Amino acid sequence: MLSQLPNCITAPSWWQLINWIADPIGFQHRYSQKYGDIFSMRLAGIGSSVIVGNPQAIQEIFSQDAKFDTGRGNKLAEPLLGQNSLMLMDGVSHRRERKLLMPSFHGEKIQAYAEQICLITEQITSQWQIDQPFVVRSAMQKVSLEVILQIVFGLSEGNRYQQLKPLLTAWLDMIDSPLRSSMLFLPFLQRDWGKWTPWGRMKQGQRQIYDLLQAEIAEKRTKAEQKGNDVLSLMMAAQDENGQGMTDGELKDELLTILFAGHETTATTLSWAFYLIHRHPDVIEKLQRELDSLGSNPNPMAIAQLPYLTAVCQETLRMYPVIPGLFPRIAKSPLTIAGYQFDAETTFMPSIYLVHYREDLYPNPKQFKPERFLEQHYSLSEYIPFGGGSRRCLGYALAQLEMKLVLATVLSRYQLALAEEKEVKLQRRGFTLAPAGGVRMVMTGKR
Ligand code: HEM
């Protein structure tokens, strides 16, 4: 007999789906108050998942990685990213692909990108004018897109670069609201009837992006002797233990995956950081004092090691995790988690939000308090903005470096203020959660 999922939400599955799409944080908050930190939801057309907000249970999931399929759980992303995406892989192919990609995003490699990140930030923010309001999320999106284009794709000029930039932005903007995002969750809306349907436009944009990426890969292959320092060149040179490299199909899907996973997420987190910092004058003062202590033209790697700046980024990621839950993990065989027995094929979704707002771990969780990260150490299942286990975010080191360098570059040059006093709300943007309205700010002076 099949075992019953624990603490099932009793509302109709279509109602749960609508609420999950429109307000996934309110949804989790309401039901965790009713059922506790492990409960089960059922989304019409998608299926049931066990939401896990208990760190011990999450630790059990992370430590038994091999017992779950996660790529299969990410199938909603397949039409966007293609079947060769790391996010959709499991088992041996996932391990192989991560091994090929990992070196490009860690250690010395990312240190080499630091100067470039500062330069990109300077160029983009130098267009800000005193007293002219701007939307900080749009500015951060420009920065993070440029970082991906230059550092990952190796493109900073030329025809292809000029075409790709607006195409990528327009493509991601097609899912910039809860309503437009719903096509990702409702397969019956995924009909490619050309530019007359939202999905048709999405697929058309994807084909145009693929064509440009294919042309870039082909050109790089003919110029193999002039190896660039960008991630694409490194990916093209990478080989597994059998001497096999990545195919063009894999390269294209991974580029789109990195763009999709790395661009929106970093831009959104940076916007929240600017928002939170500027609502807390004491934080901005402390930050500026810490940055000033490095003198003029500090080494980017010295910036990356500043403790208070690091704590500000950690606290921002605690309060505003970019996705409502980690990737779904599907049990391959029956197992026990947190004392409950589960059948094979049960889907688990560790909830970043529920963990990050636990009173017992983060007293006064709605308060922005970077100091908590200076005072206490959190384990890998108590603080999970980048997920965990074998699926931990591939770009976590690059993302954190980028956040710190962008914040430091801006705060040491400009004085900014929020252009509106009202509280900024969360809004779904595709699979992610972003500040509604993008956070309006204004430059009040230069430093
Ligand atoms: C602040 C920025 C970012 C946040 C908050 C973030 C968060 C996450 C999270 C929560 C996951 C799921 C992990 C899990 O389920 O255990 C993930 C996966 C992933 N992230 Fe990030 N990410 C960020 C930036 C980046 C960047 C810059 C890149 C690439 C350059 C990137 C590439 C990926 C990839 C490829 C995966 C899939 C890993 C796999 O399936 O093995 N992310 N990220």
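These legends go with several close-up views of one predicted model.

In this predicted model, local features need pLDDT of at least 70 and side-chain atom pairs count only at pLDDT 80 or more, while totals for chains, interfaces and linings use all residues. Residues are numbered from 1 along each chain as its sequence is written, and side-chain values use heavy atoms, with hydrogens and water left out.

**View 1. Cys-393 and the iron atom of the ligand.** Start at the metal: Cys-393 is its only protein donor, with the SG atom at 2.3 Å from the iron. Donors are N, O and S atoms within 2.8 Å of the metal (3.2 Å for Na, K and Ca); water is not among the atoms, so sites may look incomplete. To find Cys-393 along the chain, look in the loop between α17 (372-375) and α18 (396-411). Helices (H or I, at least four residues) and strands (E, at least two) are DSSP runs, numbered from the N terminus.

**View 2. Polar contacts of the ligand with His-94, Arg-98 and Phe-327.** A polar contact is a pair of N or O atoms within 3.5 Å; within protein, one must be able to donate a hydrogen and the other to accept it, and residues adjacent in sequence count only if both atoms are side-chain atoms. His-94 places a side-chain N or O atom 2.7 Å from a ligand oxygen. For Arg-98, a polar side-chain atom is 2.7 Å from an oxygen atom of the ligand. Phe-327 takes part through its backbone, where an N or O atom lies 3.0 Å from a ligand oxygen.

**View 3. The shell around the ligand.** Count 27 residues here, with His-94, Arg-98, Phe-327, Arg-329 and Cys-393 the closest; a residue belongs if one of its heavy atoms lies within 4 Å of the ligand. Helix α12 gives the largest share, 6 residues.

**View 4. Glu-78 in helix α4.** Is Glu-78 buried or exposed? Neither label fits, because its relative accessibility of 33% makes Glu-78 partly exposed. Buried means under 20% relative accessible area, exposed over 50%, and partly exposed in between (1.4 Å probe, protein chains only). Helix α4 covers residues 78-81. Compare Glu-78 with Leu-88: they are 10 residues apart in sequence, and their C-alpha atoms are 7.0 Å apart in space.
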